[in-house]
Amino acid sequence: MCQATNGPSRVVTKKHRKFFERHLQLLPSSHQGHDVNRMAIIFYSISGLSIFDVNVSAKYGDHLGWMRKHYIKTVLDDTENTAISGFVGSLVMNIPHATTINLPNTLFALLSMIMLRDYEYFETILDKRSLARFVSKCQRPDRGSFVSCLDYKTNCGSSVDSDDLRFCYIAVAILYICGCRSKEDFDEYIDTEKLLGYIMSQQCYNGAFGAHNEPHSGYTSCALSTLALLSSLEKLSDKFKEDTITWLLHRQVSSHGCMKFESELNASYDQSDDGGFQGRENKFADTCYAFWCLNSLHLLTKDWKMLCQTELVTNYLLDRTQKTLTGGFSKNDEEDADLYHSCLGSAALALIEGKFNGELCIPQEIFNDFSKRCCF
Ligand SMILES: [Zn+2]
């Protein structure tokens, strides 16, 4: 990847592959405390390896049986039509008589299975109805938004769990993977209209999405990807779209050209951030926001590459946050590489290359193959 525009020498592909592989060698001791986050570690690693053209299904296909064991189906009321299913983050979380599946682990696991090309699993093993029923139970009837898990006593959406645009995105992405495409498909399981109402309520006055009218590029990417998966981007007004594009473009911090003025206004501007994206106004640039901002722009306009300075953000990622000795990407030029920023830094570069599906956060080729093979 990235060879056409950047030259092979600038992307330390072999080191990145090794970086992601190390995290899959079940697992470095520093992650033992994150056992419940194991599905996230697997997803970020497999996604990173796939971006760097590693044939993950050939290399890690032997682990499919182990992955499948994390899929749990529970009958709530002694009748099959009350069954729910989903993934636990770790086998130690499979506790009898307690619902420990949750939405994020379920999406991380499903996307990993897609990248491992376990099509047999999607066609014959995954019970899409009970999985969609679990998603449905996570929707808050009062607001239309989603929480990540069920209360282990009542099996209703947890009342102490936070609900925000991230979980709305995760819920809709799971249903999309289960085959939902039209509004009628989604309506079979969730109150789509109420969900759309919630998403619209998170629009900020000057464009973009966020809680309490504070625009945030992570929430913006979640909201736009959710609307794209629901085929509902046209529900946004032209003015809101334009304001959002403007807000996103101003998140790129740079001392060049038209962005110069913005950087002078930004008290947090740091010369080493040049070309990177910030997540909110007056913040330092951060690798992950390159992905969240570029994915948002890409969903809003086909001219996104002409509007923002992709060469500058590529330089920021390759010269500032890429770790040429250890592989991987860090949050900024001061930290060590971590898995989350390594995955999203790689994803941002792949998105610029036109090789990444930002809506589901997997390489485009894998998405195309899955869509062809598993049209439910
Ligand atoms: Zn970050």
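1. The model discussed in this note is predicted, and the first residue to consider is Lys331, which is partly exposed at a relative accessible area of 33%. Its salt-bridge partner is Asp286, and the closest N and O atoms of the two lie 3.3 Å apart. Asp286 is found in the loop between α14 (260-265) and α15 (287-300), whereas Lys331 is in the loop between α17 (310-321) and α18 (339-352), so this contact ties together parts that are 45 residues apart in sequence. With a relative accessible area of 6%, Asp286 is buried, because buried means under 20%.

2. A second salt bridge joins the side chains of Glu120 and Arg68, at 3.2 Å from N to O. Glu120 belongs to helix α7 (residues 119-125) and Arg68 to helix α5 (residues 64-68); the pair therefore ties together parts that are 52 residues apart in sequence. Glu120 is partly exposed, with a relative accessible area of 48%. Arg68 also counts as partly exposed, at 24% relative accessibility.

3. A third salt bridge is formed by Arg140 and Asp163, whose closest N and O atoms are 3.7 Å apart. Both residues are placed in the loop between α8 (128-137) and α9 (165-177), and the pair links distant parts of the chain, 23 residues apart. Arg140 counts as partly exposed at 27% relative accessibility, whereas Asp163 counts as buried at 13%. These two residues also belong to a network of salt bridges that links Arg140, Asp142, Arg143 and Asp163.

4. The contacts described above should be read against the total: a search of the whole structure finds 16 salt bridges.

5. The strands deserve separate attention. Strand β1 (residues 71-75) pairs with β2 in the antiparallel sense over five bridges. Within this pairing, Val75 has Ala83 of β2 as its bridge partner.

6. How many of the five residues of strand β2 (residues 83-87) are buried? Five of the five are buried, so the strand is largely enclosed by the rest of the structure. Ala83, Ser85 and Phe87 point one way from β2, while Ile84 and Gly86 point the other way, and all are buried.

7. Finally, the surface should be considered. Lys14, Lys15, Lys18 and Arg22 form a positive surface patch. One of these residues, Lys15, is located in helix α2 (residues 13-24). Lys15 is partly exposed, with a relative accessible area of 36%.

Definitions and conventions:
Residues are numbered from 1 along each chain as its sequence is written. This is a predicted model: local features need pLDDT of at least 70, side-chain atom pairs count only at pLDDT 80 or more; totals for chains, interfaces and linings use all residues. Side-chain values use heavy atoms; hydrogens and water are left out. Patches are made of residues with over 30% relative accessible area and no salt bridge: like charges are joined within 9 Å, nonpolar side chains (Val, Leu, Ile, Met, Phe, Trp, Tyr) within 5 Å. Accessible areas come from the Shrake-Rupley method with a 1.4 Å probe; for residues, only the protein chains shown count as cover. A salt bridge is a side-chain nitrogen of Lys or Arg within 4 Å of a carboxyl oxygen of Asp or Glu. Lys and Arg count as positive and Asp and Glu as negative; His and the chain ends are not counted. The place of a charge is taken as NZ of Lys, CZ of Arg, CG of Asp or CD of Glu. Helices (H or I, at least four residues) and strands (E, at least two) are DSSP runs, numbered from the N terminus. Buried means under 20% relative accessible area, exposed over 50%, partly exposed in between (1.4 Å probe, protein chains only). Two strands pair if DSSP finds at least two bridges between them.
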